[in-house]
Amino acid sequence: MPIDHHALLPVEIVSATILLVLVVDLFLPARAKEASMWVGLVGILAALGAVVSLIGGGERTVFGGAYVVDAFTLIFQGFFLATAVAVLLISYRYLRDGGFYQGEYYFLLLTSFLGCVLMPASRNLLMLFLALELVSAPGFLMAAFRKSDIKGNEGGLKFFIIGVLSTAVMLYGMSLIYGLTSSLELHAIANGLSTLQGPHETLAKVAILFVVVGFAFKVSAVPFQFWAPDTYEGAPVPVAAFLGVASSAAGFAGLLQLMFVAFVGQASFWAPIFAVLSVLTMTLGNLVALRQRQTVRLLAYSGIAQSGYILLPFALVSADAAVNQRAFQATVSYILIYAVMNIGAFAVATAVAERRPSLQIEDFAGLARISPLLAIAMTAFMVSLAGVPPTGGFWGKLAIFAVAIERGGVGPWLAAVMVVNSVISVAYYFSIPRAMIFDEADEDEARVATPALIGVVAGLALLAVVAIFILPNAIYRLGELSALAFG
Amino acid sequence: MTETTWQQWAITITTFLPIAGAIVVLFVPKEQDRMIRGLGVVTTALAFCGAIAIAIGFDYDRSGELQFVKDVSWIPVIGARYHVGIDGISMPLFVLTFLLGLLCAIYTWRYVPPPGRTKAFVALTLLLITGMAGTFIAFDLILFFVFWELVLVPMYFLIGVWGSANRQYASIKFFLYTLFGSVFMLLGFLALYFSGPTDPVTGKHTFDLLQITTFGAGGGFTHTFQLIVFGAIALGFAVKVPMWPFHTWLPDAHTEAPTIGSVLLAGIMLKMGTYGFVRIALPVLPEGAVAYAPWIGALAAIAIVYAALACLAQKDLKRLIAFSSVGHMGFVMLGIATLTTIGIQAAIFGMVAHGVITGMLFFLVGSIYDRYHTREISEIGGGMSELMPKMAGIFAFVAIASLGLPGLAGFIGEFMSLLSSFSPAAVLNVGLYRTFMVVGGIGTILTAGYFLWMLQRVNQGEAPLKWKEHGFRDILAVEWVSWLPLLTLTLLLGIVPSIILETTKNGVDLIVHQVLG
């Protein structure tokens, strides 16, 4: 059977770019190593073009169903590639001026993004595992990229140990599932699991839990969250952006396929577990975030809390296919909206880190005067993360509230917990705007020009946050389309 | 009847004009201070003209119906629509919003509180006006909620940046309190959406307030559902009003806010809560309303007395006025809790009167602070009528209007509210409501007490020597311009209350009919 290269084109282009970056770096003079970024950027944009060319082409299946191109795949691939563009742009000056190995960095970053791009298309356990590892493994290295910084080393090592441990557990779970259903393909697994009885059924439940562990680590859900703050803080800020936005979204993309397709028949077993996970994750993330004084750590805990919100729709899965579809839809909409505001926040943090590398919240003092545009943008991102109009974040929350209320039963209670958490989150999200706008910088600093590339990212994210607020239908429609694919 | 283009777009244009102005302001270089302030005045003036034009074009014979309607699809995936319109209940509040907005812009022409930053100040004020006005004309629950929340962020910054000493605490407290209430309200709205009517053709749910109201008033929701959801929605409104015991954000926010922030907070923003009760909570969930009404009435009666006692204990002039708002909103809520036409009429009249009078009081307190640079009553030390006779005279006039002297605007609302609690709706316990009436009556006496005592301590007596030597300028031209409309209204509404009452009557009749069937 001939391979459908058009379907694979985005993956192929990213792979070729990775190799190209590696080779180009060898020939670049030491003072021009940052040129690798531009090579990577062109490659990613080309891959984005390939994704666009696949739109409207209907469903395509490659490798006997292991790799599927449908609306879900295209939406997430487009999303990951757009995120890659943003992360590349905010990395440029940070890496160049920070004295890092640039060629290697861009090679690793793009490899991670290759994993991201593979993830939504993967519809079999092996592919999912490959994609997940492809995202994680370069991440371990990038997290420790600040070699001389002890925090960077600690964070990287923690990330690595917990990552490997959870991967091992997940792989064991996958092997059990393969043993029970003799299949790796998600739909076939769903069929196979539904026929199990007695001890085999119990074993299947254990296996599901093991598989979830691997992804729970990736999305930093409690109790697998504690690597995140240390790793984010120790890593270069753009890497933290990658971990917070792309890597966790990739985890969710895989988790969505697993839970809503392969394991949906066992929902009555695992949905309550997700309810507990979700509540614990959002509450712990928010409460600990209240005490943070370092911006990236704060964003890490905020990310944990947000993962808790995104896990909530999983807890609503039941036998009702229509509600499941809406839960799926809400999750996708939320991930997309969350990514926009989060990448914006990290972009601003990267810009501020140039002036104040320690990135304490006090370091934002007076930013409203020093760089008004960055301050306005950051305020919008924080308001949006808190989920308050006039910003896009509100619609993400609304989508989750809506499906929770619609589901009935435990849904409204979970929504109430999330509502209380959202209010708590305002207290820490607003600490940054408060510093920027209410406080003055210690010494009198002149206006600082924003680095152009970061300015572009922050500006676009700001526009997107406002545009999503005014016209949320586009994002909801994307969620709807992605959900149709599996229904 | 076919509507003209103007009728379709009038509300949209008027409501969003301030935001358009805010965007223009953002592109003016900040050195052009005068131009920024001027833009603020021009934008709010145009918007006010728009509101007046709507009020003139409004068909008062059909004041119970929605007019100037624009209803287009907005978020088709969830069925939310951009549905705006205006009826007799919304009209007075809508116009008042733009009136106060304009007066605040005029006031800003002369005075931007420290630390300056005129551009941000004007832009945020304009954004705030759009949010407040939008709340009164939105007839889709999601749209309503968006406008409702839109006021939070600008008001947070107005208090937090331009407020007085304790501003940071006050601003975040304000934000957290109101957000806490409103998110539960949002959950309530979603419950209405999913349990509410569906489109017979597509089978889709709707956020449309008119459809949900018809459905709810027709007994569409079960009793238990109504009890739970009324609680959730009422929490959001109650924090905003604020009803005792959810009021503790108010004294801080009002006291710390800059003058125009206090004016808009007291003048308009509190009414969003009471308006929500009248427009949404009551007619949509009639059984819930009947069940909760005695509790609301009781809290309202407590609020009246509690606020009066608290006012007697205040040393800070602005804080005193702030606490008086809690009491006045208590009368409004008591009127609503009777579930009668008179009561709800009283409530809406009370909202407008309170907006005019207390808005004016906050202007006055702001100007007094400008001159004395203190708000402590003991520091001011009396004798204002000697130092600034005109200011003192107006202060006395407005304070007396606020305590409810017959013939001025404050009287009608409070009197009708007490009157209605003498004979509440038939389903309610008459004895209980008469108790509320007595308690409220005692409250009016205490209210008169603290206002007169305040006047005595501020206006009368011998002025302290340091102030005499200092010397003050009496009312400035710009102050006259921004105050005269409010003073006129205070008198006019007192003498001809029918301008409000006639406008709202049909709409209120309809709501009472929807609640009691």
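In this predicted model, helix 14 and helix 21 of chain B cross in a left-handed sense. Helix 14 covers residues 341-372 and helix 21 covers residues 477-495 of chain B; their axes come within 10 Å and cross at roughly 145°. Two packed helices are described by the angle between their axes and the distance between the axes. On the side of helix 14, the contact is formed by B:V352, B:A353, B:V356, B:I357, B:G359, B:M360, B:F363 and B:S367. Their partners in helix 21 are B:E479, B:S482, B:W483, B:L486, B:L487, B:L489, B:T490 and B:L493. By residue class, this helix-helix contact divides into 11 nonpolar, 4 polar and 1 charged.

**Contact between the chains**

Chain A and chain B each contribute 25 residues to their mutual contact. On the side of chain A that touches chain B, at least two residues each come from helix 16 (393-407), helix 17 (411-429), helix 18 (431-438) and helix 20 (473-486). Helix 17 of chain A gives the most to this side, with 8 residues. The residues that chain A brings to the contact are 19 nonpolar, 2 polar and 4 charged.

**Two bent helices**

Helix 1 of chain B comprises the 22 residues 5-26; at 1.5 Å a residue it should span 32 Å, and the 30 Å between its end C-alpha atoms agrees with this. Within helix 1 of chain B there is a kink of about 40° at B:L17, shortly before the proline B:P18. Both B:L17 and B:P18 are buried, as are B:A10, B:I11, B:T14, B:T15, B:G21, B:A22 and B:V25 of this helix. The packing partners of the buried residues of helix 1 are helix 2 (33-57), strand 1 (67-75), strand 2 (80-86), helix 3 (90-110) and helix 4 (118-137) of chain B.

Helix 10 of chain A, with 26 residues (237-262), has an expected span of 38 Å at 1.5 Å a residue, in agreement with the 36 Å that separates its end C-alpha atoms. A bend of about 30° is located at A:L243 in helix 10 of chain A. This helix is mostly covered, with 25 of its 26 residues buried.

**Backbone geometry in loops**

Most residues other than glycine have a negative phi, and most peptide bonds are trans. The following table lists departures from that pattern.

| Site | Feature | Value |
|---|---|---|
| A:P389 to A:P390 | cis peptide bond | omega about 5° |
| B:W244 to B:P245 | cis peptide bond | omega near 5° |
| A:L359 | positive phi, not a glycine | phi about 55° |
| B:L339 | positive phi, not a glycine | phi near 60° |

In chain A, A:P390 is placed in the loop between helix 15 (372-386) and helix 16. In chain B, B:P245 belongs to the loop between helix 9 (223-240) and helix 10 (249-256).

The leucine A:L359 is situated in the loop between helix 13 and helix 14 (367-370) of chain A. It counts as buried because it has 22 C-beta neighbours inside 10 Å, the threshold being 20 or more. In chain B, B:L339 occupies the loop between helix 13 (317-337) and helix 14. B:L339 has 25 C-beta neighbours inside 10 Å and therefore also counts as buried.

**Two individual residues of chain A**

A:I337 is part of helix 13 (residues 321-355) of chain A. It has 29 C-beta neighbours inside 10 Å, so A:I337 counts as buried. Leaving aside residues up to four places away in sequence, A:I337 touches A:G392, A:G393, A:W395, A:G396, A:I468 and A:I475. Its C-alpha atom lies 26 Å from that of A:I273, and the two residues are 64 residues apart in sequence.

A:N191 belongs to helix 7 (residues 186-194) of chain A. With 14 C-beta neighbours inside 10 Å, A:N191 counts as partly exposed. Between A:N191 and A:T202, which are 11 residues apart along the chain, the C-alpha separation is 16 Å.

How values were computed
Residues numbered from 1 in each chain as written. Chains lettered and ligands numbered in written order. Predicted model: local features only at pLDDT ≥ 70, side-chain atom pairs only at ≥ 80, totals over all residues. Contact = placed C-beta atoms within 7 Å. Helix = DSSP H or I, 4+ residues; strand = E, 2+ residues; numbered from the N terminus. Nonpolar A, V, L, I, M, F, W, Y, C, P; charged D, E, K, R; others polar. Expected span 1.5 Å × (residues − 1). Bend = angle between axes of the 7 residues up to and from the residue. Buried ≥ 20, exposed ≤ 12 C-beta atoms within 10 Å, placed from the backbone. Axes fitted to C-alpha atoms, helices over the stretch in contact; angles between N-to-C directions. Left-handed = near helix turned anticlockwise from the far one by under 90°.
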